[in-house]
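The paragraphs below lead through a structure made of separate parts, beginning with how one chain is divided and ending with how the chains meet. It may help to keep the model in view while reading.

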Amino acid sequence: MSRATVAIVGAAETTKLGKVPELSQTGLHADAALNAMADCGLTPADIDGVATGGHDVAEIIQYLGITPTWYDGTSVGGCSFITLVRHAAAAIQQGLCTTVLITHGESGRSNNRSHRPIFPSMQQQEFEAIYGPLVPPSRFTLPVMRKMKDDGLTEEQLAMVAVVQREWAGFHPRATMRDPITVDDVLNSKMIAYPFRLMMCCLVSDGGGALILTSADRAKDFPTKPVYLRGNGGESAEGPMISQMESFSSSKAFRVSGKAAFESAGISHSDVDHLMIYDAFAHLPIYGLEDLGFVGRGEGGAFIAEGNTRPGGKLPLNTNGGGLSYMHSGMYGMYALQESVRQMRGISPAQVEGAKLSVCHGVGGMFSAAATVVMTTEEQW
Amino acid sequence: MSERQVPTIYPETRFYWDGAKAGKLLLQSCTACDKAYFPPRPFCPACGSRDVEVIEASGKGTLYSYIINQLPAPGYEPPFTVAVVMLEEGVKMVSNILDCPPDPEALILDMPLEVTFEQRGEIAVPQFKPAGGAQ
């Protein structure tokens with residue numbers, strides 16, 4: 001019998017999502033943080049650990065008036081917040097702090113910010129950017145034609161990722177895009193970077209989110225239903241030059257991170273009731289399903305197209321609509337975590353009935369990094 | 001239209017750009033691993049050895065993957081192809097595909113390519129085009 005040591009006790013997104021021109025990026029962090037503290041009845045005086053990505057963690061500490069004994073500013077892109085959940089858990093287990101606040105805020109749409117969230121890569125700039133792939137839609141998509149040839153992935157299967165996730169978004173009042181779409185709608189949407197059309201690409205939004213973690217022992221004293229971490233999760237990185245990926249059909253960082261998370265949690269794939277896979281673009285859930293081992297290599301596209309991940313399917317995936325339909329600030333990982341927490345609390349507008357275990361997996365940069373955490377409603381297993 | 005970007009060159013990569021200026025595509029190879037690698041650095045990314053040498057690539061490669069970019073980039077007129085080329089030496093690098101329309105009908109994965117050089121001011125940028133002339 002194993003017992004949880006750390007739990008998520010506070011969770012919230014910013015008051016508004018999508019277009020929030022009235023707040024700066026720092027303000028989005030703070031709005032999310034205050035909402036998460038209110039969610040579990042804490043004030044800044046109760047927080048002794050702070051973590052964020054893509055923003056100076058010390059600025060967040062000062063802005064919120066916190067005096068921490070631990071902080072972490074890991075910034076590897078959108079999965080940073082998933083990474084920070086496991087870093088925070090390790091810090092709590094080691095006694096470096098007792099109550100950690102993880103914040104995300106990003107003015108992706110209104111651009112009320114002084115800097116972009118990902119460190120520039122010197123080698124990416126010198127040897128890739130000079131050829132014109134300057135933004136994620138023309139970089140993150142580079143491996144996909146190879147995968148289509150090697151694994152039989154089709155444009156229609158990529159389109160189905162967007163179609164199925166829109167079905168999930170329809171349940172969420174806060175999702176940006178909720179109207180049903182068809183494969184034809186996706187394939188006929190504006191070409192961005194062949195084979196990728198507009199509807200295969202994520203939204204560009206303003207927003208934020210925050211989580212509060214503490215020891216499982218303390219978690220019962222909070223007004224919220226604890227969401228326990230099962231195992232230590234996983235993380236890995238392959239690097240910011242997408243052309244140097246070992247394989248264009250599979251992410252090494254995904255495989256290493258996912259394997260560590262599953263082994264540490266002692267779970268098999270059939271134990272997973274709910275799954276989030278960060279979808280900056282339509283191919284990400286396909287790589288994720290394969291690299292986490294839910295399906296074999298080359299089977300991810302068909303698995304989604306056949307309806308296995310849609311509402312009522314056997315593996316509910318990206319039940320908030322994902323970065324394609326819910327929102328995507330730029331570093332979306334926080335929103336994937338928030339939906340996993342809602343599902344474990346039993347309060348998602350797209351609630352998976354009886355869900356007890358959720359896996360949340362994210363990408364950082366463009367296949368640059370990865371992180372995975374496992375959440376559960378159960379204190380013991 | 002603004003000019004295409006030129007790379008910021010660092011001490012460890014100077015030889016690569018000097019080679020391009022002389023019409024050579026230069027890689028590095030690890031003595032112990034007997035394996036080429038890219039992008040440049042003064043040690044082998046597979047084993048960490050500093051015992052490496054500069055080698056001249058054959059300039060032959062194949063089309064490994066690509067996108068047809070519709071988004072703006074300084075000095076480029078969309079649509080244009082951004083490709084990953086697999087060199088004969090077993091390393092991958094990004095390139096545009098010159099002398100070839102940005103059209104899936106013309107961009108056949110694994111088709112043979114050869115190096116050419118595009119002048120950007122004082123800098124020569126390695127580029128690839130279909131082997132044996134325009135298709």
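In this predicted model, the domain assignment divides chain A into domain 1, made of residues 6-114 + 205-228, and domain 2, made of residues 132-203 + 232-376. Taken over C-alpha atoms, the centres of domain 1 of chain A and domain 2 of chain A are separated by 23 Å. Where the two domains touch, 29 residues of domain 1 of chain A are in contact with 36 residues of domain 2 of chain A. On the side of domain 1 of chain A that touches domain 2 of chain A, at least two residues each come from strand E1 (6-13), helix H3 (80-94), strand E4 (99-107), strand E7 (206-215) and strand E8 (227-229) of chain A. H3(A) gives the most to this side of domain 1, with seven residues. Sorted by class, the side of domain 1 of chain A that touches domain 2 of chain A holds 12 nonpolar, 12 polar and five charged residues.

The helix H3(A) can also be followed into a pairing with helix H14 (residues 333-345) of chain A, where the two axes come within 7 Å and cross at roughly 60°. That angle makes H3(A) oblique to H14(A), because it falls outside the ranges that count as roughly parallel, antiparallel or perpendicular. In this pairing Ser80(A), Phe81(A), Ile82(A) and Val85(A) of H3(A) meet Gly333(A), Met334(A) and Leu337(A) of H14(A). The contact of H3(A) with H14(A) has five nonpolar and two polar residues, and no charged residues.

Another helix pair is formed by helix H1 (residues 25-40) of chain A and helix H2 (residues 57-64) of chain A, whose axes come within 10 Å and cross at roughly 60°. H1(A) is therefore oblique to H2(A), and H1(A) passes H2(A) in a right-handed crossing. Thr26(A), His29(A), Ala30(A) and Ala33(A) form the H1(A) part of the contact, while Glu59(A), Ile60(A), Tyr63(A) and Leu64(A) form the part from H2(A). By class, these residues of H1(A) and H2(A) comprise five nonpolar, two polar and one charged.

Further along the chain, a UniProt annotation from an unreviewed entry, "domain: Thiolase C-terminal", covers residues 234-376 of chain A. This span of chain A is 31% helix and 17% strand, and its end C-alpha atoms lie 16 Å apart. A further helix pair consists of helix H10 (residues 252-265) of chain A and helix H11 (residues 284-291) of chain A, which pack at an angle of about 50° with their axes 9 Å apart. This angle is why H10(A) counts as oblique to H11(A), and the crossing in which H10(A) passes H11(A) is right-handed. Phe254(A), Arg255(A) and Gly258(A) of H10(A) make the contact with Tyr287(A), Gly288(A) and Asp291(A) of H11(A). The residues in the contact of H10(A) with H11(A) divide into two nonpolar, two polar and two charged.

Turning to the second chain, UniProt, again in an unreviewed entry, places the feature "domain: ChsH2 C-terminal OB-fold" at residues 56-118 of chain B. Over these residues chain B is 0% helix and 48% strand, with the end C-alpha atoms 18 Å apart.

Between the chains, 28 residues of chain A are in contact with 28 residues of chain B. On the side of chain A that touches chain B, helix H4 (122-127), helix H5 (136-139), helix H6 (144-151) and strand E5 (191-194) of chain A are the elements that give two or more residues. H4(A) gives the most to this side, with five residues. The residues on the side of chain A that touches chain B divide into 17 nonpolar, seven polar and four charged.

Notes. Residues are numbered from 1 along each chain as its sequence is written. Chains are lettered from A and ligands numbered from 1 in the order in which they are written. This is a predicted model: local features need pLDDT of at least 70, side-chain atom pairs count only at pLDDT 80 or more; totals for chains, interfaces and linings use all residues. Domain bounds come from an automatic or database domain assignment. Two residues are in contact if their C-beta atoms, placed from the backbone, lie within 7 Å. Helices (H or I, at least four residues) and strands (E, at least two) are DSSP runs, numbered from the N terminus. Ala, Val, Leu, Ile, Met, Phe, Trp, Tyr, Cys and Pro count as nonpolar, Asp, Glu, Lys and Arg as charged, and the others, Gly among them, as polar. UniProt positions are given in the numbering used here, feature names are shortened, and annotations may be inferred rather than shown by experiment. Axes are lines fitted to C-alpha atoms, for helices over the stretch in contact, and angles run from 0 to 180 degrees between N-to-C directions. Angles under 35 degrees count as roughly parallel, over 145 as roughly antiparallel, 65 to 115 as roughly perpendicular and the rest as oblique. A crossing is left-handed if the near helix is turned anticlockwise from the far one by less than a right angle, and right-handed if clockwise.
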